[in-house]
Amino acid sequence: MIRELVIQASYLAASVLLILGLRSLTHPDSARRGMHLAALGMLIAVVGTLLHREIVDYRWILAGLALGSLIGYPMGMWVPMTAMPQRIAISHMFGALAATLVGVAEFVNRGSGAGVVHAQMAALGFEVLFGSLTVTGSLMAFLKLQEILPGVPITFRGQNVISLLLFAGGLGLLGWLVVDPAQPAAFHLMLAVGLAFGVSLVLPIGGADMPVVISLLNSYAGLASAATGFAIGNNVLIIAGALDGASGFILSVIMSKAMNRSFGNVLFGAFGTPQAATTKGAEGLAVRAITPEDAAVQLAYARKVIVVPGYGMAVSQAQHQLRELAGLIEKNGGEVVYAIHPVAGRMPGHMNVLLAEADVPYDRLREMEDVNPEFASADVVLVIGANDVVNPAAKHDRQSPIYGMPILEVEQAKNVLVLKRSMNPGFAGIENELFYMPQTSMLFGDAKQSLQKLIAEVKLA
Ligand code: NAP
C-alpha cells in the first residue's frame, strides 16, 4: 500500500517537473533550467518505476541501465552540435523501439491476445503501429541526415499510393484486432506493415524537410508512449507521452509555417529534389571579393550592423568571435542586432543556442518578421555562413525548390558582407543571386578565421 503510494507520488512529481520543464524551454534564458527540471522528473519517474512490485529480478534492469549509459553518455558528450538532427532522429528510434517492444511483450504475455480486452487492444495496437512506423521512419531520417543514404528524395512511381495503402492496411489490421484480439498473425502483420510504412513515409522526403519530419516522428513516438501508458496502466507514461505528442506536433506545424509549406506538401511533395540552378543571372556574373582590411573599415565605422548567422557559423563554431567583434563595434558607438531565421542552421533554435552560448544578450535577437523592415536602414549586414535563408529566389523564382519560403530580406541593405569559404551552395543545393549583387562583398574563408582577422583589423582601424 505504502509502496504503491510512493510510486504514484513519484509519478505525480515527475509529471509536474516535466510540465514545468517544457514550460521553461519556451524562453532561452530559462531553457537550461527547463532541461534540468525535465531530467530530474525523468529520474524520479525511473526510480518510482523501479519500486514496482512486479519487478522480480533487477539483473536485466541493471544490465539495461549499464548498456543504455554506455551508448547514451558518448552520444550526449561527443556528438558535435552540427550532427544534432541525426542524433535526435536516432534517439527517437530508440524511444519508439522501447514502446513497440513493450507492446509486443504485453501482447505475448497475455496469451498472444487471448487475455486482452478490446479497449486494451486498441491502446496496444496503436502503440505498436505508431511505434513501429516511428522506428523505421526515424532510422531512415538518421541514415539520410548522416548521408549514409542520399539526402535527396528517393521516389518511384506510385509511391504515395503504396504509402497510403500501407497506412490504411495498418489501420484496418488494428481495427480487426480491436474486434478480435486473439489474432497473433494479424498482430505480427500489423507490426510488419508499420515498419514498412515508416520506410515508405520518409524515403521520399528530402533532407531539407527532415527537421519537420523528425519533430513529427517525435510526436508519433510520444503518442505511442501515451498508448503504452494506457496499455500497462502507467500514469506518468500517459502524461509524458501526451506532452511529447502535442509538443512535437506543434513544432512540426510551426516549422512548416516557417518554410511556408503545408504538411501535405512536406510529406508527399518530395521536396528537395535536386534541380539545376535556376537563379537567373548568376551564370557569368562575377562576385566581389573583399579583404579583411577593407571589410573591417566598413564595420568599424558602422552605426547599425545586422548580423545574419547561418549553418556555416555553427560549422566553424564562430559564435564567440562574433560576440567579440560585436563588442568592438559597440565600443565604437555602433548598434549590433542579430536576425534569426526560424530554420537557419540545421535544427530549430540552432542559432539561438549558439548565440546564447556566447552570451549574446537575448534582447539583441530579432525575429524574421521584426527585422525585415530594418535591413534597408542598416549600414552593414554581416552574413555569417547563411545561404538559403537569405536567398531572394525564394520570393520570385517559381522554379526554385525554396520558392515560397520566407527569407531574411538582406538584399534590401546598402552593404552586405558575406563570410563563407567558397561559392558552394547551402542545404537546398542552389545558387544565391545575393552573392552577385552590386552591394555584396564576399570575404572568403572559414567563418571563425575570417572573424578573427576582422577583430584584429577593427582593433587597428
Ligand atoms: P545553408 O543554406 O545550409 O548554407 C550554409 C552555408 O555555410 C554554405 O553555403 C557554406 O558555404 C557555408 N559554410 C559552411 N561551413 C562554413 C565555415 N566553416 N565557414 C564559413 N562558411 C561555412 O544554411 P542556412 O542559410 O542556415 O539555411 C539552413 C538550411 O537548412 C535551409 O535550407 C533549411 O531549410 C535547412 N534546414 C534547416 C533545419 C532547421 O531546423 N534549422 C534543419 C535541416 C535543414 P561554403 O561551403 O562555401 O563555406
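Colleague: I have started at Glu 147, which sits in the loop between H5 and H6; what do such labels stand for, and on what kind of model do they rest?

Modeller: Helices (H or I, at least four residues) and strands (E, at least two) are DSSP runs, numbered from the N terminus. The model is a predicted one, in which local features need pLDDT of at least 70 and side-chain atom pairs count only at pLDDT 80 or more, while totals for chains, interfaces and linings use all residues. Residues are numbered from 1 along each chain as its sequence is written, and side-chain values use heavy atoms, with hydrogens and water left out.

Colleague: What is the phi of Glu 147, and is the residue buried or exposed?

Modeller: In general, most residues other than glycine have a negative phi. Glu 147 has a phi near 60°, a positive value in a residue that is not glycine, and with a relative accessible area of 67% Glu 147 is exposed. The classes are buried for under 20% relative accessible area, exposed for over 50%, and partly exposed in between, with a 1.4 Å probe and protein chains only. Asp 359, in the loop between helix H14 (350-357) and strand E3 (365-367), likewise has a positive phi near 60° and is exposed, at 58%.

Colleague: How many aromatic pairs does a search of the whole structure find?

Modeller: A pair of aromatic rings is described by the distance of the centres and the angle of the planes. Rings of Phe, Tyr and Trp (its six-membered ring) pair if their centres lie within 6.5 Å, and planes under 30 degrees apart count as stacked, over 60 as edge-to-face and the rest as tilted. The search finds four such pairs. One of them joins Phe 130 and Tyr 220, whose ring centres are 5.4 Å apart and whose planes stand at 85°, so this pair is edge-to-face. Because Phe 130 belongs to helix H5 (residues 118-145) and Tyr 220 to helix H8 (residues 210-232), the pair ties together parts that are 90 residues apart in sequence. Phe 130 is buried at 12% relative accessible area, and Tyr 220 counts as buried at 19%.

Colleague: Which aromatic pair is stacked, with 25° between the planes?

Modeller: That is the pair of Phe 167 and Phe 197, at 5.0 Å centre to centre. Phe 167 lies in helix H6 (residues 159-179) and Phe 197 in helix H7 (residues 184-202), so the pair ties together parts 30 residues apart in sequence. Phe 167 counts as partly exposed, at 29%, whereas Phe 197 is buried, at 8%. Ring pairs also link Phe 126, Phe 130 and Tyr 220 into a cluster.

Colleague: Which residues come nearest to the ligand?

Modeller: A residue is near a molecule if one of its heavy atoms lies within 4 Å of it. Of the 30 residues around the ligand, the nearest are Pro 211, Asn 387, Asp 388, Arg 421 and Ser 422. Helix H12 (residues 311-316) gives the most to this shell, with four residues.

Colleague: Where do N or O atoms of the protein approach the ligand?

Modeller: A pair of N or O atoms within 3.5 Å is a polar contact. An N or O atom in the side chain of Lys 420 is 3.0 Å from an oxygen atom of the ligand, and a polar backbone atom of Phe 427 is 2.9 Å from a ligand oxygen. A nitrogen atom of the ligand lies 2.8 Å from a polar side-chain atom of Asp 446. On its own the ligand has 930 Å² of accessible area, of which the protein covers 97%, with areas from the Shrake-Rupley method and a 1.4 Å probe.

Definitions and conventions
A polar contact is a pair of N or O atoms within 3.5 Å; within protein, one must be able to donate a hydrogen and the other to accept it, and residues adjacent in sequence count only if both atoms are side-chain atoms.
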